[in-house]
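Q: I'm new to this structure and would love a close look at a single part of it. Could you walk me through what you find there, step by step?

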Amino acid sequence: MDQQDLLFQSFRLKEKNRNTADTLYFAKLAGYTLGEKLLYLRLWAAYYKKPKMIAWLQNTEQLDVSDLNNTYVKAMVDRLEKDKSPKGWIGYPSGFESICKSLDALNAKPLDCNIKSIIAIAEGLSPEVKSKMEYYFKAPTVSRYSNVENGIIAQQMPNDNAFRINWASYVVEILDLESDVPVPNGTIGRIIITDLYNLATPMIRYDTGDIGAFVNDENSTDNIPKLESIQGRKMDALYKTNGDMLNPFTMHAYVYDFPEIKQLQFIQHKEKKYEIKVNTNVMFEGESLLIENFKNDIGTDAHVDIQYVDEIPSLKSGKRKISVNLYKQ
């Protein structure tokens with residue numbers, strides 16, 4: 001190995017150590033203590049799944065989002081209540097949503113599972129899912145914003161909906177959706193980051209593809225900027241009939257407004273043409289109300305079609321999009 005390769009490996013090791021330190025720091029802020037059992041809910045494809053011995057040594061229980069149903073959730077909860085050791089949750093919000101809907105169906109009460117922390121990753125955490133998780137598992141639930149290319153960029157703190165930015169590892173900017181111009185606090189724009197520790201592959205003013213906004217609080221005594229919202233991928237955002245962007249958490253609320261619906265997906269085909277995919281195994285009598293509510297949010301002059309499906313396919317990652325924009329791709 002020549003000197004250049006050694007230097008490259010040294011940079012990679014430094015970056016890896018930094019990411020590990022960030023993970024431990026932000027986990028602690030969320031209430032998780034290293035050594036506690038970690039319930040990790042995601043799609044455990046063969047590439048990601050850890051050998052049983054490694055998972056046991058790391059005190060990690062690998063829970064697969066593809067297994068979630070009422071029977072599985074009941075068995076899982078019974079097992080967790082018998083285990084009195086302190087635990088932390090980390091996983092996809094869509095998986096947490098499925099668990100909560102199963103617990104709703106089972107008429108469950110708040111559980112004694114000794115959960116100390118809940119961290120939602122990879123997807124937006126809606127207020128409804130956050131509230132439900134805190135109700136059932138009696139632990140603060142926070143959302144973490146990270147990506148594969150870099151690491152943990154920001155995270156909510158318990159009892160605070162704003163995201164604390166990982167300024168020690170990244171410089172974060174919010175730029176206009178169509179130009180490289182900074183936007184005022186409170187205005188949605190593209191999330192741009194500069195990685196301070198990736199020396200092997202420098203990432204300077206990297207466009208994450210995500211959209212969000214800085215906190216707009218003129219009365220705050222804390223001059224350190226925070227992210228007010230992170231609204232997912234720009235390519236998945238829906239636009240109202242007047243051209244404004246629709247907050248994606250609006251669509252998440254429909255999941256609990258219509259409990260008979262198992263899955264929902266909203267698709268924008270044209271400027272004013274939308275489609276709602278509905279997966280339900282019962283007679284759905286709220287179709288007109290769903291369309292009316294959606295039109296009130298997206299625009300009363302919208303053309304909205306309903307399509308009933310047996311399943312809304314998930315991505316290879318196990319995540320399932322609640323919105324798809326075919327109009328502005």
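A: Let's begin with I54, which sits in helix α2, spanning residues 52–57. Keep in mind that this is a predicted model. I54 has a relative accessibility of 37%, and because buried means under 20% and exposed means over 50%, I54 counts as partly exposed. I54 also belongs to a nonpolar surface patch, made together with M53, W56 and L57. The area of this patch is about 490 Å².

For a contrasting spot, turn to S169. This residue lies in the loop that links β7 (160–165) to β8 (170–175). S169 has a relative accessible area of 2%, so with the limit for buried set at under 20%, S169 is buried. What does S169 touch, leaving aside its neighbours within four places in sequence? The contacts are R18 and D22, along with T194, D195, L196 and Y197.

S169 also leads us to an enclosed space, as it is one of the residues that line the largest cavity. Its companions in that lining are E15, R18, N19, N150, Y170, D195 and Y197. R18, D195 and Y197 therefore appear twice in this picture: they are in contact with S169, and they line the cavity too. Helix α1 (residues 3–30) gives the largest share of the lining, with 3 residues. The space inside comes to about 30 Å³, and the count of cavities of 30 Å³ or more is 1.

Methods. Residues numbered from 1 in each chain as written. Predicted model: local features only at pLDDT ≥ 70, side-chain atom pairs only at ≥ 80, totals over all residues. Heavy atoms only, no water. Helix = DSSP H or I, 4+ residues; strand = E, 2+ residues; numbered from the N terminus. Buried < 20%, exposed > 50% of the residue type's maximum accessible area, 1.4 Å probe, protein only. Contact = heavy atoms within 4.5 Å. Patch = residues over 30% accessible without salt bridge, like charges linked within 9 Å, V, L, I, M, F, W, Y side chains within 5 Å. Areas by Shrake-Rupley, 256 points an atom, 1.4 Å probe, with all protein chains shown as cover. Salt bridge = Lys/Arg side-chain N within 4 Å of Asp/Glu carboxyl O. 1 Å grid on protein atoms, 1.4 Å probe; cavity = no way out; pocket = protein on both sides within 12 Å on 5 of 7 lines; lining within 4 Å. Points joined across faces, edges and corners; volume = space filled by probe spheres on them.
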